[in-house]
Amino acid sequence: VKLSMWMLANRLSQFEIRADIAEDAAMELRSARYVYSTDCVYIHPDGADTVCENGGDRIVLCRMDPAQAYELIQDTFDFYRRWEQGLRQAREDGDYRRIIRKSYLLFHAPVMLIDYNTRLLACTEEFRNQPVDAEWDHYMAHGCASLAGQQSIQRMKREGAQFHRPGTAYHVMRGGGLTNLLTCPLQQDGVYYGRVNVLEYGRRLNPGDRQVLALLGEALLDIFRQRAPEEYADPGLLLGRALERGDREALTSLAAVLGAVDEPMVLLSLAVPSLTANEKLRGSAANLLRELLPGAVAADCGERLCLLMPARWTAERLADRLRTGLSGVPFRGALSLPFRELAGLRAARDQCRYLQERAGAGGGQEVADFYPVAMEYLIRCGDEALRRAALHPDARRLAAGGEAGRRQMEILCGYLRHKKSLVPTAKALYMHRNTLVYQLGRIRETLTADLSDPYACEYLRLSLRYLMEP
């Protein structure tokens with residue numbers, strides 16, 4: 001690799017130097033010489049100092065003899081050669097993390113690689129726990145951009161900033177403070193893979209840093225271009241396509257990406273009014289929600305963000321977590337009933353829509369649960385498949401349990417029909433009272449419904465009758 005005078009100056013900055021270098025100093029230097037040569041650094045004494053120059057560009061090493069300066073500069077050329085060899089090997093191995101990790105030796109500054117969806121892929125570990133700025137801290141904590149950071153970028157774009165240009169320097173508002181950074185987008189033939197950012201830290205970034213960043217960007221772009229398309233399978237994008245377009249292929253791909261799902265899922269449809277007008281901010285919010293809600297898949301569905309997550313997330317827990325994570329940004333959510341198969345996404349989405357369209361749904365709650373309005377929905381819904389999906393989850397689970405489940409449905413339905421009175425229930429089912437008590441005990445162990453709650457009992461009874469009728 002050929003060096004520029006800027007690249008030499010950056011490597012020598014740990015010593016006392018004075019640099020007078022043109023902004024456009026080219027990468028054309030091969031080695032150091034004691035005599036003038038067009039593609040070498042000319043080293044000669046100047047009093048107690050040593051001057052390194054090429055054309056009109058000069059680096060003065062203060063109070064250093066020429067022999068020592070020559071060794072330092074030649075070591076610098078050797079360093080960059082070793083780095084370039086390592087870069088080439090990492091490029092062949094497809095190891096982008098190694099490239100970012102080794103970049104500390106070049107910049108001595110925070111470096112981050114983010115994907116097309118502003119999620120963190122790699123960073124210089126030396127700064128992971130350092131207080132660089134609020135946006136860096138957010139990336140380290142959540143693995144994605146903050147809403148405030150994206151709003152700053154969007155504002156700069158409106159003012160004419162061109163973030164698609166490689167090696168561009170920007171003075172960016174990040175987390176309430178100003179940070180200088182260099183950025184290099186990884187894009188080719190209309191495909192955007194992500195970008196590399198170098199943040200100013202300890203010294204000013206200069207054209208030499210831009211030149212090195214361009215080399216990094218070229219190697220990283222080559223790595224991402226060679227990766228298989230399925231490696232870019234984003235569960236959030238697949239979820240969005242499945243919900244918005246009813247795309248069965250996307251649903252199949254989503255099932256393949258998620259693998260075996262061992263617990264019930266729920267769908268959260270989230271409205272964040274301050275973000276609906278800006279697609280980029282919605283994408284950043286989706287990234288943040290993935291980090292706030294472990295196990296969730298977040299999709300940008302236009303005016304709403306949709307999250308597929310484990311059913312252990314209740315409406316109350318979600319409201320608490322979102323209130324903290326969104327830092328005061330107003331939101332309203334609708335939470336579906338649990339379901340086990342991804343084929344249940346259509347019904348879950350309809351349940352959320354019903355909640356959203358229902359006047360006064362949730363009574364002003366930040367996250368409204370479908371469960372309390374399920375019976376009303378069952379009465380009004382005219383679609384057989386959607387109605388079955390809105391039946392009580394316990395009833396649906398028992399119905400899927402074969403002959404044993406069917407028998408438990410009969411016992412539970414009879415018990416609820418007789419107002420939870422044991423004697424009339426036992427007579428109606430031709431069972432001994434003690435047998436009924438034993439069977440009910442086994443059934444209760446599997447229920448999520450609270451049988452002391454009148455609404456839960458009526459909802460469960462109605463669902464059981466619906467499933468048991470021919």
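Visitor: Which residues are exposed on the other side of α11, away from its buried ones?
Guide: This is a predicted model, so local features need pLDDT of at least 70 and side-chain atom pairs count only at pLDDT 80 or more, while totals for chains, interfaces and linings use all residues. Residues are numbered from 1 along each chain as its sequence is written, and side-chain values use heavy atoms, with hydrogens and water left out. Exposed is over 50% relative accessible area, buried under 20%, and partly exposed in between (1.4 Å probe, protein chains only). By that yardstick, the pair exposed on the other side of α11 is E316 and T324.

Visitor: And what arc do the buried residues of α11 fall within, seen down its axis?
Guide: The buried set is A315, L318, A319, L322 and G325. An α-helix has 3.6 residues a turn, so residues three or four places apart point the same way. Taking directions from the helix axis to the C-beta atoms, these buried residues line one face of α11, because they all fall within an arc of 140°.

Visitor: Which residue just after α11 takes a positive phi?
Guide: Helices here are DSSP runs of H or I with at least four residues, strands are E runs of at least two, and both are numbered from the N terminus. Just past the end of α11, a phi of about 50° turns up. The residue that takes it is S327.

Visitor: Over to the sheets: in what order do the strands of the open sheet with β1 and β2 come?
Guide: Two strands pair if DSSP finds at least two bridges between them. β1 (17–20) and β2 (31–33) each have a single partner strand, so they stand at the edges, with one side of each left without a neighbour in the sheet. The pairing is mixed across the five strands, and the order is β1-β5-β4-β3-β2.

Visitor: Which residue of β4 stands opposite D46?
Guide: Strands β3 (residues 40–46) and β4 (residues 49–54) run antiparallel, joined by five bridges. D46 faces another aspartate there, namely D49.

Visitor: Which strands stand at the edges of the sheet that holds β11 and β14?
Guide: That open sheet has five strands with mixed pairing, in the order β12-β13-β11-β14-β15. An edge strand here has a single partner, so one of its sides is left without a neighbour in the sheet. The two that fit are β12 (297–301) and β15.

Visitor: Is the pairing of β14 with β15 parallel or antiparallel?
Guide: Start with the other partner: β14 (residues 332–335) runs antiparallel to β11 (residues 265–271) over four bridges, and L268 has L335 as its bridge partner. On the β15 side (residues 367–369) there are three bridges, and G333 stands opposite V367. In contrast to the antiparallel match with β11, the β14–β15 pairing is parallel.

Visitor: Does Q439 count as buried, exposed or partly exposed, and how far is Q439 from R407 in space?
Guide: Q439 is found in helix α18 (residues 433–444). Its relative accessibility is 21%, so Q439 counts as partly exposed. Q439 and R407 are 32 residues apart in sequence, and their C-alpha to C-alpha distance is 10.0 Å.
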